[in-house]
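Dear colleague,

I am handing over the structure that we talked about, and I would be grateful if you could open it and keep it beside this message while you read. My notes follow directly after it.

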2 protein chains.
Amino acid sequence: MKPNSRLTLFGFVVVALAFATTIVRAQDPLLSWNDTATKKAIVTFIEKVTKEGSPDFVPVPERITTFDNDGTLWCEKPMPVQLYFVLDRVKALAPQHPEWKTKEPFASILKGDYKTALAGGDHALLELAVATHTGMTTVEFEQIVRDWIATAKHPKTGKLFTEMVYQPMLEVLAYLRANGFKNYIVSGGGIEFMRPWTEQVYGIPPEQVVGSSIKTRFEMRDGKPVLVRLPELNFNDDKGDKPVGINQHIGRRPIAAFGNSDGDLQMLQWTTAGSGPRFALIVHHTDAEREWAYDRKSSIGRLDKALDEAQARGWTVVDMKSDWKRIFAWEQ
Amino acid sequence: MKPNSRLTLFGFVVVALAFATTIVRAQDPLLSWNDTATKKAIVTFIEKVTKEGSPDFVPVPERITTFDNDGTLWCEKPMPVQLYFVLDRVKALAPQHPEWKTKEPFASILKGDYKTALAGGDHALLELAVATHTGMTTVEFEQIVRDWIATAKHPKTGKLFTEMVYQPMLEVLAYLRANGFKNYIVSGGGIEFMRPWTEQVYGIPPEQVVGSSIKTRFEMRDGKPVLVRLPELNFNDDKGDKPVGINQHIGRRPIAAFGNSDGDLQMLQWTTAGSGPRFALIVHHTDAEREWAYDRKSSIGRLDKALDEAQARGWTVVDMKSDWKRIFAWEQ
């Protein structure tokens, strides 16, 4: 072999290897995940239930997954996103409500003192929810949400809230979808607060969103039918009511469920109690630097009982800090 | 031209025509429909909203349709099918309830006197619903329905209830599905009474079924999570609450809706009030010979206000007798 031809061969091998690496990289559906046991558990589950002829094969119509939203698909700190919506709506509506200047919890919000406003607990929250989420038609509310979410930004990062979604979880959603799964959101957040943007942000259409809701009433207004949003809770999609909501909306038991807090525990129990292969995953917020670190003692997104149960049952727990190469798409 | 070749040409034309007719027949998705204005209206709507580049084009994700069930997709006479389920369940459960022998409405049912039993009106019906539909888990109830529907027969025709579905409507469902539509059932019937069989009978999966429901509660039983069916109404999917149920489950406005009674009026109003092309259809039961003839004065499936509105608004009304070549698949 002449030196020249050896060089050529060497060059070929280099190019071929680079090409092969590109293919492998392009084929990896979970690029933002480090190559840890967590990533492997996700891939192994999806591969085994989609492999025809395998004893674990699951037909496409039964490939149902459910995802919590706050803290599982997007950031819930320092406060859940919907709470920022409430605060902004109070400010936007204030000119029509001069009485709010002296009435709590509105007065504190208008002064920018959110802490005092929210110190009123559930009662204050309910009052705020009624003032900002009810009275209008469903069509009007959808537009209000669309307008707000298009520009509303996270107070710490300055990014749009829709950019505060976890890139590794977007990859899981897309990976599942590419394998014939139907992904549902099952969140304690408002169903009509999520639906206007989940398709664009998560690829999850409105009919695959389950959430908390208020009652609505059909009315004819000027000869046109409308649904009016009433100041009455219809469904609180949390804890034991998550399986209730899943059964009500989907009518099938999911084969995989993803959550991050004790509010998701019953959904994960319900999902894994079915026969055949099942998958349960908990996002554990362990990265105080790139996101937030919180679990057993957090008032928002508390993860205590569900963490114990995950360990006892061998559910997959994401250690954000070590499992996620990046958290947000804009990080790099 | 020699006589022989003329004969050959004639033969060719005959064969070609026969072949062409076969193609046309095979391509007709609505074989059980007579070639009337009703059939044409259905075909015209589907063709225009699926034609790319047309001003009426509707993208696939927005091709949502809703169908009432009783009287629209299957027979509701002499009584709605779910009522036969109730009566059969009372008989099946009677050995565990010796007190029913002397307690109305159960006593009359056990004697076969349904008329007296149902004379108790809503109160009697509620008592029967609670006795037959609640107390068990959702998984248990699903199995009860599956077992019953597998063998239960229509009292007049002797056919399985699942054979009492309207062949022309099955063709509409399949035609829509083949054109990228997602068909939903939106019925006053029980959501968990329908889901176990709608996929097999209508090609409509559980997650596309909206119906009346009772409340359920999450519980752990022997360490396993269950949903228990409670004796409390959750949602009555009728009249103005049909749009409420549509909004709750689907979160999009359908572009086409199909019903047969005043209970469907608001669903049709809600559907047609959206912008862009819309389609509303009412099945008018006009065939006393092959099925039943009833409308303005019927206690079951009354069609009065909705018939007036259909005429005023130009909605499509199926005249069963003249529009449907056959009603049931087993007719010929």
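**What was found**

Let me begin with a single residue, A:Thr38, which is found in helix α2 of chain A. Please keep in mind throughout that this is a predicted model. Because its relative accessibility is 8%, and buried means under 20%, A:Thr38 counts as buried. If residues up to four places away in sequence are not counted, A:Thr38 touches A:Trp33, A:Thr316, A:Val317, A:Val318 and A:Asp323.

From there one can step back to chain A as a whole, which has 13 helices and eight strands. Its C-alpha atoms fill a box of roughly 90 × 45 × 45 Å, taken along the principal axes. Of the 332 residues of chain A, 52% count as buried. Among the contacts in this chain with a separation of 6 or more, 64% come from residues 24 or more positions apart.

Next come the nonpolar cores. The largest of them has 66 residues, and the members that touch the most other members are A:Trp74, A:Trp148, A:Met169, A:Tyr202, A:Phe258 and A:Trp324. Several elements of chain A give two or more residues to this core, including the helices α2, α7 and α9 and the strands β5 and β6. Which element gives the most to this core? That is α3(A), with eight residues.

A:Trp324 can be followed a little further. Leaving aside its neighbours within four places in sequence, A:Trp324 is in contact with A:Ser32, A:Trp33, A:Asn34, A:Tyr166, A:Pro168, A:Met169, A:Val283, A:Arg290, A:Val318 and A:Asp319. Two of the residues in that list, A:Trp33 and A:Val318, also appear in the list for A:Thr38. Apart from the largest core lies another core, of 64 residues, and among its members are B:Ile42, B:Trp148, B:Leu173 and B:Val283.

In chain B, I would look at the strands, starting with β2(B), which spans residues 182–190. Is β2(B) largely enclosed or largely open? Seven of its nine residues are buried, so β2(B) is largely enclosed by the rest of the structure. Strand β1 of chain B, residues 64–67, pairs with β2(B) in the parallel sense over four bridges, and within this pairing B:Phe67 stands opposite B:Ile185. The strand β2(B) also pairs in the parallel sense with β3(B), residues 209–221, over three bridges, where B:Gly190 has B:Ser212 as its bridge partner.

The strand β3(B) is in turn joined to β4(B), residues 224–235, by eight bridges, but these two strands run antiparallel. Here B:Arg217 stands opposite B:Val228 in β4(B). The two strands form a hairpin with two residues between them, in which B:Asp222 takes a positive phi near 50 degrees.

Two helices of chain B also deserve a look, namely α3(B), residues 81–93, and α7(B), residues 138–149, which pack at an angle of about 105 degrees with their axes 11 Å apart. That angle makes α3(B) roughly perpendicular to α7(B). The contact is made by B:Val81, B:Tyr84, B:Phe85, B:Asp88 and B:Arg89 on the side of α3(B), and by B:Phe141, B:Ile144, B:Val145 and B:Trp148 on the side of α7(B). Sorted by class, this contact has seven nonpolar, no polar and two charged residues.

Finally, there are some details of the backbone to check. The peptide bond from A:Lys77 to A:Pro78 is cis, with omega near 0 degrees, and A:Pro78 has its place in the loop between β1 and α3 of chain A. A cis peptide bond also joins A:Glu104 and A:Pro105, with omega about 0 degrees, and A:Pro105 is in the loop between α3 and α4 of chain A.

A:Lys239 has a positive phi of about 50 degrees although it is not a glycine, and it is found in the loop between β4 and α10 of chain A. At 43% relative accessibility, A:Lys239 counts as partly exposed. In chain B, B:Lys239 likewise has a positive phi of about 50 degrees without being a glycine, lies in the loop between β4 and α10 of that chain, and counts as partly exposed at 43% relative accessibility.

With kind regards

Terms used: Residues are numbered from 1 along each chain as its sequence is written. Chains are lettered from A and ligands numbered from 1 in the order in which they are written. This is a predicted model: local features need pLDDT of at least 70, side-chain atom pairs count only at pLDDT 80 or more; totals for chains, interfaces and linings use all residues. Side-chain values use heavy atoms; hydrogens and water are left out. Buried means under 20% relative accessible area, exposed over 50%, partly exposed in between (1.4 Å probe, protein chains only). Two strands pair if DSSP finds at least two bridges between them. Axes are lines fitted to C-alpha atoms, for helices over the stretch in contact, and angles run from 0 to 180 degrees between N-to-C directions. Angles under 35 degrees count as roughly parallel, over 145 as roughly antiparallel, 65 to 115 as roughly perpendicular and the rest as oblique. Contact means heavy atoms within 4.5 Å. Ala, Val, Leu, Ile, Met, Phe, Trp, Tyr, Cys and Pro count as nonpolar, Asp, Glu, Lys and Arg as charged, and the others, Gly among them, as polar. A nonpolar core is a set of buried Ala, Val, Leu, Ile, Met, Phe, Trp, Tyr and Cys residues joined through side-chain atoms within 4.5 Å.
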